[in-house]
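Could you walk me through this model in my viewer, one selection at a time? I would like to know what to pick next and what I will find there.

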Amino acid sequence: MKQQIGRMLASLLLMSALALTGCGPKDADIEKNVATAISAYPGVSVAVKDGVATISGQVPDESTRASVEAAAKGVKGVKSVSNNLTVPPPPPPPPPVTINPDETLQSSANQVLAGFDNAKGVKATVKDGVVTLTGTIKRADLPGLMQKLNEIKPKKVENKLVIK
């Protein structure tokens, strides 16, 4: 009799344990809930198997990567998160600025002024990569002259011109 009661208790415990584990959320429901939780992050997808959420896609930075993972972990039924999100590498630095030597700049500035009909009253001097303009010029002609002088790659163009 005691053996029968023991067997019945063991059977009841086993059935209770199975009933409790069988009542957990289904992977499809968890996946739907995680997808809703991470919907603010475009390009991120989720797949759930046995309660493990695998998130994948590309995000702009590490803080977003951590935020998506935290959002997925916060969903009921998620046992763990496999974070397969990628962050693109930073863009390469811009190429260094090339500044021509003073002799080249002076020669080029003189050529620009000689070829610019409306800059007859303008003189250019170069020192330490800086082209300094003196003289007079019409307001309408100044932007074109400045553009041409910047094309010869000085450190800067210092405008001391008198505008007519």
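Here is a tour that goes from the whole chain to its two sheets, with stops at a few residues on the way.

**The whole chain**

Start with a cartoon view, and keep in mind that this is a predicted model. You should find five helices and six strands. Followed along the sequence, they come in the pattern α-α-β-β-α-β-α-β-β-α-β. If you colour by burial, 26% of the 164 residues count as buried. Among contacts between residues at least 6 apart in sequence, 57% join residues at least 24 apart.

**First sheet: β1, β2 and β3**

Select residues 44-49, which are β1, then 52-58 for β2 and 80-86 for β3. Together they make an open sheet in the order β1-β2-β3, and the pairing is mixed. β1 and β3 are the edge strands, each pairing on one side only. Ignoring direction, neighbouring strands here are turned by 15 degrees against each other on average.

Now show the backbone of β2 and β3. Seven bridges link these two strands, in the parallel sense. Two places to look at are threonine 54, whose bridge partner in β3 is serine 82, and isoleucine 55, which stands opposite asparagine 83.

Next, turn on the side chains of β3. In a regular strand, side chains alternate between the two faces of the sheet. Which residues of β3 point to one face and are buried? They are Val81, Asn83 and Leu85, while Ser80, Ser82, Asn84 and Thr86 point to the other face and are not buried.

Zoom in on valine 81. Its relative accessibility is 15%, and it counts as buried because the cut-off is under 20%. Leaving aside neighbours within four places in sequence, valine 81 is in contact with Ala53, Ile55, Glu69, Ala72 and Lys73. Try a distance label to valine 52 as well: the two are 29 residues apart in sequence, yet their C-alpha atoms are 5.7 Å apart in space.

**The helix across this sheet**

Add residues 62-73, helix α3. This helix lies across β1, β2 and β3, and runs at about 155 degrees to β3. Within α3, pick threonine 64. Is threonine 64 buried or exposed? With a relative accessible area of 15%, threonine 64 is buried. Not counting residues up to four places away in sequence, threonine 64 touches Tyr41 and Val59.

**Second sheet: β4, β5 and β6**

Move on to residues 122-127 (β4) and 156-163 (β6), with 130-137 (β5). These strands form another open sheet, in the order β4-β5-β6 and again with mixed pairing. β4 and β6 each have a single partner strand, so one side of each is left without a neighbour in the sheet. The average turn between neighbouring strands of this sheet, direction ignored, is 15 degrees.

Show the backbone of β5 and β6, which run parallel and are joined by eight bridges. One pair to label is valine 131 with its bridge partner in β6, valine 157. Then bring in residues 142-150, helix α5, which packs on the sheet and touches β4, β5 and β6. The direction of α5 makes about 155 degrees with that of β6.

**Two helices side by side**

Keep α5 and add α4, residues 102-115. Their axes come within 10 Å and cross at roughly 150 degrees. The two helices are therefore roughly antiparallel to each other, and the crossing is right-handed. To see the contact, show Ala109, Val112 and Leu113 of α4 with Leu145, Lys148 and Leu149 of α5.

**The nonpolar cores**

For the last stop, display Val122, Leu133, Leu145, Leu149 and Leu161 as spheres. In the largest nonpolar core, which has 19 residues, these touch the most other members. The elements that give two or more residues to this core are α4, β4, β5, α5 and β6. Apart from this core lies another, of 15 residues, including Val34, Ile38, Val68 and Leu85.

Finish on leucine 161. Setting aside residues up to four places away in sequence, leucine 161 touches Val122, Leu133, Thr134, Gly135, Thr136, Ile137, Leu142 and Leu145.

Conventions. Residues are numbered from 1 along each chain as its sequence is written. This is a predicted model: local features need pLDDT of at least 70, side-chain atom pairs count only at pLDDT 80 or more; totals for chains, interfaces and linings use all residues. Side-chain values use heavy atoms; hydrogens and water are left out. Two strands pair if DSSP finds at least two bridges between them. Helices (H or I, at least four residues) and strands (E, at least two) are DSSP runs, numbered from the N terminus. Axes are lines fitted to C-alpha atoms, for helices over the stretch in contact, and angles run from 0 to 180 degrees between N-to-C directions. Contact means heavy atoms within 4.5 Å. Buried means under 20% relative accessible area, exposed over 50%, partly exposed in between (1.4 Å probe, protein chains only). A nonpolar core is a set of buried Ala, Val, Leu, Ile, Met, Phe, Trp, Tyr and Cys residues joined through side-chain atoms within 4.5 Å. Angles under 35 degrees count as roughly parallel, over 145 as roughly antiparallel, 65 to 115 as roughly perpendicular and the rest as oblique. A crossing is left-handed if the near helix is turned anticlockwise from the far one by less than a right angle, and right-handed if clockwise.
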